[in-house]
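Please open the model in your viewer, switch to a cartoon view and keep the selection box handy. We will go from stop to stop, and at each one you get something to select and a short note on what is there.

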Amino acid sequence: MTEAAAVKAPVKRRKKESMGKQVFRRLLHNPTAMLGIAILVLITLASIFAPLLAPYDPNHMDYANLYARPNAQHLLGCDNLGRDILSRILHGGRYSLSLGVIAAAIGLVLGTFFGCIVGYAGKEVDNIAMRICDIWSSIPAMLLAILIATALGSSFFNTILAMTAGNIPGSIRNTRALVLRERELEYLEAAKAMNCSKMKVIFKHMMPNIISFKIVGTAGNIGHTIMQASGLSFIGLGVPPSTPEWGAMCANARGYFLDHPHMILIPGFVIMLVVLAFNLFGDGLRDAMDPKLKD
Amino acid sequence: MWRYIVKRLLWMVVIVVCVALLIFTVLWFVPGDPAQIALGSEATAADLEAYRELLGLNDPFLVQMGRFMRDTFLRLDFGISYSFKVPVIEEFAIRLPRTFLLGAFSLVLNMVIGIPLGILAANHRNSVIDRGLLVFAMVFSSMPQFFFALVLVVVFALELNLLPPFGIATWKHWIIPVLAASLSGIAQIARHTRASVLETIRADFVTTARAKGLEERKVIYRHMLPNALIPVISDLGMHLSMIVGGSVVIETVFSFPGVGLYMLYGINARDYPVVRGCVLILAVFSAFVMLVVDLVYAFLDPRIKAQYVNYAAKSGGKAK
């Protein structure tokens, strides 16, 4: 509370400070958000440099160490084929993180695009589009993902598509709500008066004012997507189990769970940590964008 | 009010029909030959062809779709499972109540535990209780469902030996699955309730209620809570949809013989009637509960109620 008050005072004097800078400064003062960012940066770097950091090849099978518990040689143990779990986790980050980011990004782009058009067009277009969204979102997202994954077969990109499908209607609806608020503002009136085409009004003038809110919402969405995708992999419909993706690692470990729980607990814990980090970051970003929401 | 209910019911029929069309279309693209899977690898080409002809798999897309829609909606017949050779509807009679109960228990737990926790946290803002609950909520809403389910199995079934890990023989078997299915929902609802209550505390009408000298209990229970809970209730539909989707995962973990597990069998065996029936029945189930939630919501929120009551009064007061 005191922090917020202290931040507010200088903002009034320095009027020229951009919104981005303000948000960033508020974010720096939020310890939980910074914790989330720190975890994310650490895990992202670890995944990028996985080939350098990983002690073993993620697909190398060490038959002397089947089911090894964590020990000095294999820090996080080995799985049923003697593959080093630490190496698989590091390499798996590449798949899991990009899966979440790409799926959320596609949802963001398509949702913003259609949401802007639908919200701005209004009337019948809006009505029909909203009814389509109603029908679309009346199928639970997980069921939709299962259906699509079944129809397309299990692979990394199909999992992304399956996860995206459930994201889009929510994203369209959310964009539309933002557009409806924005639509009545004067700068759009001005843009129209300057004889801008509809497309220009929507995408050049209106969208930049909406996109930051959308990006904020997406941060938390990435975590949710990673979590859902791991569930899809777990029931055998997501990423194929040979891939060192975290959810797929859990799925692979399912059969050995009673005797060798470390095989599933370690990747499961990593998923939880990443999702938690995305949530902390997303919440922090939302509070920083709209300090009123913070108590 | 009746007009609103009828309108929503009609709209639900439209949704269900569209969902059925969508499911049929998506499954049309599924690779794999059900005849091959049902008859095994020794089957001759003639056998396969005869089997496909028998199931009507050689007919054009629209013919098959028309047959599916007619059977499903006019005869309430979901077809006969290719691999189990049992009508899908008979399996539903056994399995659906289980999945329904699992979902219902979870949704009730979500509300009964999540909402009071949220109110508690908001009333003790920034105290130890509040911080603790927030950390709890954050961690549990970040945990993949299967992970939490397996942790519960390890702790309560394997280590403490208190509860059975798999199956549904006694009521004790239900405890872990229901907990696993509801925990992330509880965490999310608690967070949402807390945020909503904190927002309402600052509302003008609360200040007014206090200013006119109402006792604090009345301010909270009569004025603040009903308003604070409206957004939480409106989100219950979303939670239900997550519970229904998650039930597939939960049923897999616990070998819980419900609709979700049946659907997975169906998917692996390319058993189209089973998959179609399961997805449709789960979608209808969640659409129906969302309808109920919306009606409750409309009933609770005087603004929505007024809209329809006034509308009815203007149009001759036929609906009441």
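**Stop 1: a helix pair in chain A**

Select helix 7 and helix 10 of chain A, and look at how they pass: the crossing of these two helices is right-handed. Keep in mind as you look that this is a predicted model. Helix 7 covers residues 141–152 of chain A, and its packing angle with helix 10 of chain A is about 50°, with 11 Å between the axes. The two helices of chain A, 7 and 10, are therefore oblique to each other. An angle between 35 and 65 degrees falls in that class, because roughly parallel needs under 35 and roughly perpendicular starts at 65.

Now show side chains. Which residues meet here, from helix 7 and helix 10 of chain A? On the helix 7 side, pick A:Ala141, A:Met142, A:Ala145 and A:Ala149; on the helix 10 side, pick A:Gln228, A:Gly231 and A:Leu232. Sorted by class, the residues of this contact between helix 7 and helix 10 of chain A are 5 nonpolar and 2 polar, with no charged ones.

**Stop 2: the loop before helix 10 of chain A**

Stay in chain A and select A:Asn195. This residue sits in the loop between helix 9 (186–193) and helix 10 (198–234) of chain A. Check its backbone: A:Asn195 is not a glycine, yet its phi is positive, about 65°. Is A:Asn195 buried or exposed? A:Asn195 is exposed, as 7 other C-beta atoms lie within 10 Å.

**Stop 3: chain A as a whole**

Zoom out and colour chain A by secondary structure. You should find 12 helices and 0 strands in chain A. The C-alpha trace of chain A spans about 75 × 50 × 30 Å along its principal axes. Chain A has 295 residues, of which 44% count as buried. Take the contacts in chain A with a separation of 6 or more: 69% of them are between residues 24 or more positions apart.

**Stop 4: chain B as a whole**

Give chain B the same treatment. How many helices and strands does chain B have? Chain B has 14 helices and 0 strands. Its C-alpha atoms fill a box of roughly 85 × 65 × 30 Å, taken along the principal axes of chain B. Of its 320 residues, 35% count as buried in chain B. For contacts in chain B between residues at least 6 apart in sequence, the share that joins residues at least 24 apart is 71%.

**Stop 5: where the chains touch**

Show both chains together and select the residues in contact across them. Chain B contributes 37 residues to this contact and chain A contributes 31 residues. On the chain B side, at least two residues each come from helix 1 (2–28), helix 6 (128–141), helix 7 (145–159), helix 11 (236–254), helix 12 (259–268) and helix 13 (272–300). Helix 11 of chain B gives the largest share of that side, 8 residues. By class, the side of chain B that touches chain A holds 28 nonpolar, 8 polar and 1 charged residues.

**Stop 6: a loop residue after helix 11 of chain B**

Next, select B:Ser255, which lies in the loop between helix 11 and helix 12 of chain B. The phi of B:Ser255 is positive, near 45°, in a residue other than glycine. B:Ser255 is exposed, with 11 other C-beta atoms within 10 Å.

**Stop 7: a helix pair in chain B**

Select helix 10 (residues 216–234) and helix 13 of chain B. They pack at an angle of about 160°, and the axes of these two chain B helices are 10 Å apart. Helix 10 and helix 13 of chain B are therefore roughly antiparallel to each other. Their crossing, helix 10 with helix 13 of chain B, is left-handed.

For the side chains, pick B:Pro226, B:Ile230, B:Ile233 and B:Ser234 in helix 10 of chain B, which meet B:Val293, B:Val296, B:Tyr297 and B:Leu300 in helix 13 of chain B. This contact of helix 10 with helix 13 of chain B has 7 nonpolar residues, 1 polar and no charged.

**Last stop: helix 4 of chain B**

Select helix 4 (residues 61–74) of chain B and try the distance tool on its end C-alpha atoms. At 1.5 Å a residue, the 14 residues of helix 4 of chain B should span 20 Å, and the end C-alpha atoms are 19 Å apart, which agrees. Then step on to B:Leu76, just after helix 4 of chain B, where phi is positive at about 50°.

How values were computed:
Residues are numbered from 1 along each chain as its sequence is written. Chains are lettered from A and ligands numbered from 1 in the order in which they are written. This is a predicted model: local features need pLDDT of at least 70, side-chain atom pairs count only at pLDDT 80 or more; totals for chains, interfaces and linings use all residues. Helices (H or I, at least four residues) and strands (E, at least two) are DSSP runs, numbered from the N terminus. A residue is buried if 20 or more other C-beta atoms lie within 10 Å of its own, exposed if 12 or fewer, and partly exposed in between; C-beta atoms are placed from the backbone. Two residues are in contact if their C-beta atoms, placed from the backbone, lie within 7 Å. Ala, Val, Leu, Ile, Met, Phe, Trp, Tyr, Cys and Pro count as nonpolar, Asp, Glu, Lys and Arg as charged, and the others, Gly among them, as polar. Axes are lines fitted to C-alpha atoms, for helices over the stretch in contact, and angles run from 0 to 180 degrees between N-to-C directions. Angles under 35 degrees count as roughly parallel, over 145 as roughly antiparallel, 65 to 115 as roughly perpendicular and the rest as oblique. A crossing is left-handed if the near helix is turned anticlockwise from the far one by less than a right angle, and right-handed if clockwise. The expected span of a helix is 1.5 Å times one less than its number of residues.
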